[in-house]
Amino acid sequence: MDATKRIEEIERLAPIASEDLKKLKHLLENMEKNKKPIVATIGLYNHGKSSILNALIGDLDNRTFKVADKRETTRIEIKDMGDFVYMDTPGIDAREDDDRRVLDAVIDIDVILFVHNPSTGELASKEVEFLHLVKKSFKDVRDFADRTIFVLSRIDELKEGEVERVKNKIKSQIREYLGADIYIKEVSAKRYFKGMKENKNIFIEKSGIVSLRDAIFAIIRLNADKMMASRKEKVIKTIDSIISNLNRRAKKLYEEVNILTQEKQKFESDVFEELWLINSTIEEYKKAL
Ligand SMILES: Nc1nc2c(ncn2[C@@H]2O[C@H](COP(=O)(O)OP(=O)(O)OP(=O)(O)O)[C@@H](O)[C@H]2O)c(=O)[nH]1
Ligand SMILES: [Mg+2]
């Protein structure tokens, strides 16, 4: 019998635990769904997030994730590519509540690509704010940093020395605002597309996309065990809380039954006493006749 069927069986036997069991069922179903590693991009709008995902999956025509020279991705888009699931998010600066929405979306993600266009210089205030939010939201920021790659995009638009300069600046900004290091990788989706279309290896190599792909796989391998362990821990915690909830409810019911039993005993003894009183009054009355 699979886990879901077993939970339904328990639900039938103990309807009192129905709400908690629904939560557990949902968690187990999500575990099934989340078996495939998920790779997601985050970052400011127009910094090249969607193009990087298209390059990673080998879509040379930018058809899978829409690309444009304006605010293009306005809602979270998810594409199942067989072995992996890719998730594109709107820019963290797109709407007021987007930071929170994006953070909620990536909280359970296997690999996060934080995309930044170095032509704009070091991290902008919106990106720094996002790092602050991460620091506040994660108990241990390493939990975020270890599965995040900081991707410098569109490097074809800058001289090599300039990319290096921005990279060093960003490295110290991340250390300052997040309190942890994040692996930084520079890429150009444009170079990758050109290299692939024109069969020019030098462009593919200089695009950094292949080594970004390798870095993503390395994180997935490293984190697979950790991820499974943390998901198992979540399920065990939920089961523990269901059991302690049931115990609490059982104790309360037991106390209620106790009170009712005492009331019943009191009622019986009162009735008995009254009967006795009536009987003896009748006896006395009879005697007096
Ligand atoms: N030169 C150059 N331009 C790029 C590169 N990657 C993306 N672009 C251009 O940058 C612009 C934005 O690219 P997108 O991939 O749509 O950026 P995005 O971050 O997904 O944007 P939003 O969905 O609006 O948040 C488009 O005009 C792309 O053609 C690159 O490697 N080099
Ligand atoms: Mg986009």
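A residue is taken as buried if 20 or more other C-beta atoms lie within 10 Å of its own, as exposed if 12 or fewer do, and as partly exposed in between. The views described below show a predicted model.

**View 1. T261 in helix 10, set against F150.**
T261 belongs to helix 10, which spans residues 209–288. Because T261 has 10 C-beta neighbours inside 10 Å, this residue counts as exposed. Along the chain T261 and F150 are 111 residues apart, and their C-alpha atoms are separated by 67 Å.

**View 2. The open sheet and its edges.**
The sheet is an open one of 6 strands, arranged in the order 2-3-1-4-5-6, and its pairing is mixed. Strand 2 (77–80) and strand 6 (183–186) stand at the edges with a single partner strand each, so one side of each has no neighbour in the sheet. From one strand to the next, the twist averages 25°.

**View 3. The hairpin of strand 2 and strand 3.**
Strand 2 pairs with strand 3 (residues 85–88) in the antiparallel sense, and 4 bridges link the two. Within this pairing, K79 has Y86 in strand 3 as its bridge partner. The hairpin has 4 residues between the strands, and G82 takes a positive phi near 95° there.

**View 4. Strand 4 between strand 1 and strand 5.**
Strand 4 (residues 111–116) is joined to strand 1 (residues 38–43) by 5 bridges in the parallel sense, and the bridge partner of I42 in strand 4 is F114. Strand 4 also runs parallel to strand 5 (residues 148–152), again with 5 bridges between them, and here H116 has L152 in strand 5 as its bridge partner. As a general rule, side chains in a regular strand alternate between the two faces of the sheet. In strand 4, V111, L113 and V115 lie on one side and I112, F114 and H116 on the other, and all of these residues are buried, which leaves both faces covered.

**View 5. The largest nonpolar core, with L113.**
The largest nonpolar core has 44 residues, and those with the most contacts inside it are A40, I52, V111, I112, L113 and V151. Strand 4 gives the most to this core, contributing 5 residues. When neighbours within four places in sequence are left aside, L113 is in contact with V39, A40, T41, I52, I149 and V151.

**View 6. Strand 5, strand 6 and the loop that holds R154.**
Strand 5 and strand 6 run parallel and are joined by 4 bridges, with L152 standing opposite E186 in strand 6. R154 lies in the loop between strand 5 and helix 7 (160–178). In general, most residues other than glycine have a negative phi. R154 is not a glycine, yet its phi is positive, at about 50°. R154 counts as buried because it has 24 C-beta neighbours inside 10 Å.

**View 7. Helix 3 against helix 8.**
Two packed helices are described by the angle between their axes and the distance between the axes. The axes of helix 3 (residues 49–56) and helix 8 cross at roughly 35° and come within 9 Å, and the crossing is left-handed. On the side of helix 3 the contact involves S51, I52, N54 and A55, which meet A189, Y192 and F193 in helix 8. Sorted by class, this contact has 5 nonpolar residues, 2 polar residues and no charged ones.

**View 8. Helix 8 and the residue that follows.**
In helix 8 (residues 189–197), the buried residues include A189, Y192 and F193, which are the residues that helix 3 meets; R191 and G195 are buried as well. Beyond this helix, N199 lies in the loop between helix 8 and helix 9 (201–207). The phi of N199 is near 55°, a positive value in a residue other than glycine. With 8 C-beta neighbours inside 10 Å, N199 counts as exposed, whereas R154, with 24 such neighbours, counts as buried.

Technical notes: Residues numbered from 1 in each chain as written. Chains lettered and ligands numbered in written order. Predicted model: local features only at pLDDT ≥ 70, side-chain atom pairs only at ≥ 80, totals over all residues. Axes fitted to C-alpha atoms, helices over the stretch in contact; angles between N-to-C directions. Left-handed = near helix turned anticlockwise from the far one by under 90°. Contact = placed C-beta atoms within 7 Å. Nonpolar A, V, L, I, M, F, W, Y, C, P; charged D, E, K, R; others polar. Core = buried A, V, L, I, M, F, W, Y, C linked by C-beta atoms within 7 Å. Pairing = 2+ DSSP bridges.
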